[in-house]
Amino acid sequence: MERIAVFAGSFDPFTVAHLAIVKRASAIFDRVIVVVGKNVQKNSLLSVETRMRFVQKATANLKNVTVDSFDGLTVEYMKNSGAKFLVRGIRSAVEFDAERNLAWNNQMLYPQAETVFLQIEPELSSVSSSAVREILHFGGDVSKMIPAEFFPDLISEMEKH
């Protein structure tokens, strides 16, 4: 049976830390679907379509990685796609506690789901989409935080705002 994993998030924007997790997951699973979600609790910087395009550019060389979008519960997407694994990147113990609670909830909703936690590399532990958005807001340099494959596109997108 094909081992399909979902790596879901708002990815607003997709960072080098996200890319590191996708690369590691692609080495573990037969197929990884990066699911760009619309988070109703967040005011997005980029459209879902733009975020998907950026993720596609960053992961183009990973043959077992695809990109999709979904508006709803991640476990519903997993059920519909046949995925049994949910990949989550962990930066800290505090984040682990929150993610563990989500994993328990997801397993109640979809008992076949298994959450796989991958630790972020220490050198990437401070990289987050929210940090990138804040730095961008104040005109700072985020070039080391964003995959080179779409960095010029992100800057171009920011000039439109």
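Below, two coworkers chat about the predicted model shown above.

Colleague: Hi! What should I know before we start?
Modeller: This is a predicted model, where local features need pLDDT of at least 70 and side-chain atom pairs count only at pLDDT 80 or more, while totals for chains, interfaces and linings use all residues. Residues are numbered from 1 along each chain as its sequence is written, and side-chain values use heavy atoms, with hydrogens and water left out.

Colleague: Great. Which strands does E2 pair with?
Modeller: Strand E2 (residues 31–37) is joined by 6 bridges to E1 (residues 4–9), and the two run parallel. Another 6 bridges join E2 to strand E3 (residues 65–70), also parallel. Pairing takes at least two DSSP bridges between two strands. Strands are DSSP runs of E with at least two residues, helices are runs of H or I with at least four, and both are numbered from the N terminus.

Colleague: And which residues stand opposite Val-32?
Modeller: Ala-5 and, in E3, Val-65.

Colleague: How does the chain get from E1 to E2?
Modeller: Through helix H1 (residues 16–28), in a right-handed β-α-β crossover. Right-handed means that, with the strands pointing away from the viewer, the path from the first strand over the helix to the second runs clockwise.

Colleague: Is E2 mostly covered or open?
Modeller: Mostly covered, as 6 of its 7 residues are buried. Buried is under 20% relative accessible area, exposed over 50%, and partly exposed in between, with a 1.4 Å probe and protein chains only.

Colleague: Switching to H1: what does Ile-21 touch?
Modeller: Ile-21 sits in H1 and is buried, at 0% relative accessible area. Beyond neighbours within four places in sequence, Ile-21 contacts Phe-7, Val-87, Gly-89, Leu-118, Gln-119 and Ile-120. Contact means heavy atoms within 4.5 Å.

Colleague: How many residues are in the largest nonpolar core?
Modeller: It has 37, and Phe-14, Val-87 and Leu-154 have the most contacts inside it. The largest share, 7 residues, comes from H1. Such a core is a set of buried Ala, Val, Leu, Ile, Met, Phe, Trp, Tyr and Cys residues joined through side-chain atoms within 4.5 Å.

Colleague: Leu-154 is in H6, right? Which residues of that helix are buried?
Modeller: In H6 (residues 151–160), they are Leu-154, Glu-157 and Met-158. Seen down the axis, they fall within an arc of 100°, taken from the directions from the helix axis to the C-beta atoms, so they line one face.

Colleague: What covers them?
Modeller: Helices H2 (48–58) and H5 (129–137) are included in that cover. On the other side of H6, Pro-152, Glu-159 and Lys-160 are exposed.
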